[in-house]
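Biologist: I should like a close look at a single residue and the helix that carries it. Please begin with the fold as a whole and then move inward.

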Amino acid sequence: MHSGGQGLPKASFLVLVLSLTIWNRDHAPEEEVWGTLSRMWLCAEGEHCVFGESRELLPHMCLREGNLEYQQLPDSHLACYEFLWGPQAYAETSKWQFMAFLLRVKQRALRAFPPLSAEAAREEDEAA
């Protein structure tokens, strides 16, 4: 994804959306994607300082580059949409390779922030 020197931020965005599709059994409802992105200060409306026009980024990745597919949810009475892996994503990697990558990233993050990792483990144990 090399467009105007913005390849890395867009690739990070794509990794996030592809991750959501895996965690949601191969689809990511649009509402959940925007909810996750809003925690990164990327709202559906407006312009982001890194990504640019928010509503333009999703169609760019979905339609022009083929990394994601965007379709209406089956049997939905409202106009609800979801994201799926697109043919270009399948051509570049497999879901197993992608999940292995996500696990490596998580392990590196845990090693990089050991006090936070221990605190998160304690909170998870307390919640269970």
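Modeller: Read from its start, the protein chain follows the order α-β-α-β-β-α-β-β-α-α-α, a pattern made up of six helices and five strands. The model is a predicted one, and the values below are computed from it.

Some totals for the chain set the scene. The protein chain has 128 residues, of which 34% count as buried. Its accessible surface comes to about 8800 Å², and carbon and sulfur atoms hold 58% of that area. Among the contacts with a separation of 6 or more, 42% join residues that lie 24 or more positions apart.

The residue chosen for the close look is Thr 36, which is part of helix H2, spanning residues 30-38. Thr 36 has a relative accessibility of 12%, and it therefore counts as buried, since the cut-off for that class is under 20%. Once its neighbours within four places in sequence are set aside, Thr 36 is in contact with Leu 16 and Leu 20.

Thr 36 is accompanied by other buried positions in its helix: Glu 30, Val 33, Trp 34 and Leu 37 of H2 are buried as well. These buried residues span an arc of only 160° around the axis, so they are on the same side of H2. The picture for Thr 36 is thus that of a buried residue in H2, with Leu 16 and Leu 20 as contacts from beyond its sequence neighbours.

Conventions: Residues are numbered from 1 along each chain as its sequence is written. This is a predicted model: local features need pLDDT of at least 70, side-chain atom pairs count only at pLDDT 80 or more; totals for chains, interfaces and linings use all residues. Side-chain values use heavy atoms; hydrogens and water are left out. Helices (H or I, at least four residues) and strands (E, at least two) are DSSP runs, numbered from the N terminus. Buried means under 20% relative accessible area, exposed over 50%, partly exposed in between (1.4 Å probe, protein chains only). Contact means heavy atoms within 4.5 Å. The arc is that of the directions from the helix axis to the C-beta atoms. Accessible areas come from the Shrake-Rupley method with a 1.4 Å probe; for residues, only the protein chains shown count as cover.
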